[in-house]
Amino acid sequence: MAWFDDIYYFEQTTLRIAHLTDCHLFSDKDAEYFGVNTAEHFVKALADIAKQQPDALIFGGDLTQDHSFNSYLLFAELIHNSDVDCPVFWVPGNHDEIEQLNLISGGQIQHAKHIVAQGIELILINSKGNTPAGWVSATHLDEIMACLVDSNNRHIAFCHHNPLPINGYLDKHMLENGPQLLNLLVNNGRVDALFHGHVHNDYQQQFRGLNVYATPASCVQFSKHSATWQQENKGAAYRMLYLNAEQQQVHIHSDVVWLNE
């Protein structure tokens with residue numbers, strides 16, 4: 001099956017989307033990443049997201065830190081034990097294995113990478129490369145183009161890696177062909193924004209008029225504009241998106257939610 005073949009449909013013209021990313025779980029739910037209990041932070045984020053009653057939750061990648069299959073099972077367990085009752089979609093991060101993500105998908109956790117509502121479409125892009133840095137393959141770029149040209153709706157894109165430099169340590173692992181992807185999205189003329197994770201903090205940038213947003217991690221954050229790798233426990237975090245299609249336009253309102261301890 002090609003990446004965008006599985007499509008999930010909504011009937012409405014408005015969508016409430018939770019973007020939750022970089023939970024870095026271990027097989028042991030008491031394990032810590034830079035002094036942060038990642039499972040505990042993830043549970044807190046899910047509890048707050050449930051109160052927002054989103055139509056969908058999009059997980060932005062880096063599910064696992066220890067690369068164990070039990071960490072994937074823990075991810076599924078924490079979601080199923082939460083009050084989040086909407087479908088959950090995912091893109092792979094550099095830490096993740098797509099095969100493992102597929103194994104926990106089914107039911108609430110969805111395989112679909114193409115979400116279609118009335119006037120709005122969300123495309124979930126695979127930026128996982130052969131190294132911690134990101135790469136969108138030529139084949140996948142063709143798939144993205146085909147998905148975009150097949151519809152007159154407005155589009156919102158999601159991927160894991162940052163396609164633009166953030167003037168920080170994680171730039172060494174950014175999306176290496178980010179400008180190629182961004183030019184494709186801009187040249188299509190029907191893409192309004194791209195959201196990503198990976199950088200463990202909140203950023204907003206622009207590329208040729210296209211808004212590019214980074215969502216903070218649900219676990220630990222990485223200090224902004226630092227050439228060295230510095231971590232900050234600012235509590236769990238996620239982003240809410242409010243999308244409204246009207247007269248062949250999509251109005252986007254986006255808020256980062258910080259659950260400070």
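Colleague: The backbone oxygen of which residue lies 3.4 Å from a polar atom of the side chain of Asn37?

Modeller: This is a predicted model, in which local features need pLDDT of at least 70 and side-chain atom pairs count only at pLDDT 80 or more, while totals for chains, interfaces and linings use all residues. Residues are numbered from 1 along each chain as its sequence is written, and side-chain values use heavy atoms, with hydrogens and water left out. Asn37 belongs to strand β4 (residues 36-37), helices (H or I, at least four residues) and strands (E, at least two) being DSSP runs numbered from the N terminus. A polar atom of the Asn37 side chain lies 3.2 Å from the backbone nitrogen of Ala39, and the backbone oxygen found 3.4 Å from a polar atom of that side chain is the one of Lys29.

Colleague: Is Asn37 buried or exposed, and at what relative accessibility?

Modeller: Leaving aside neighbours within four places in sequence, Asn37 is in contact (heavy atoms within 4.5 Å) with Lys29, Asp30, Ala31 and Glu32. Buried means under 20% relative accessible area, exposed over 50% and partly exposed in between, with a 1.4 Å probe and protein chains only. Asn37 therefore counts as buried, its relative accessibility being 14%.

Colleague: Which side chain is joined to that of His95 by a polar contact of 3.2 Å?

Modeller: His95 lies in the loop between β6 (88-90) and α3 (98-103), and because its relative accessible area is 17%, His95 is buried. Not counting residues up to four places away in sequence, the residues that His95 touches include His24, Asp62 and Tyr72. A polar contact is a pair of N or O atoms within 3.5 Å, where within protein one must be able to donate a hydrogen and the other to accept it, and residues adjacent in sequence count only if both atoms are side-chain atoms. The side chain that makes the 3.2 Å polar contact with His95 is that of His67.

Colleague: Which residue with a positive phi follows α5?

Modeller: Among the buried residues of helix α5 (residues 178-188) are Leu181, Leu182, Leu184, Leu185 and Val186. What covers the buried residues of α5 includes α4 (138-149), β9 (154-158) and β10 (191-196). With a phi near 85 degrees, the residue that follows α5 is Gly189.

Colleague: What is the relative accessible area of His198, which has a positive phi although it is not a glycine?

Modeller: Gln53, in the loop between α1 (38-52) and β5 (56-59), also has a positive phi, of about 50 degrees, although it is not a glycine, and because its relative accessible area is 62%, Gln53 is exposed. His198 is found in the loop between β10 and β11, and its phi is about 75 degrees. His198 is buried, because its relative accessible area is 3%.

Colleague: What is the radius of gyration of the chain?

Modeller: The chain has five helices and 16 strands. The globule rule (2.2 Å times the number of residues to the power 0.38, with the radius of gyration taken over C-alpha atoms) gives 18 Å for 261 residues, and the chain comes close to this value, so it is as compact as a globular protein of that length, with a radius of gyration of 17 Å.

Colleague: What percentage of the residues in the chain is buried?

Modeller: Along the principal axes, the C-alpha atoms of the chain fill a box of roughly 45 × 40 × 35 Å. Of the 261 residues in the chain, the buried share is 59%.
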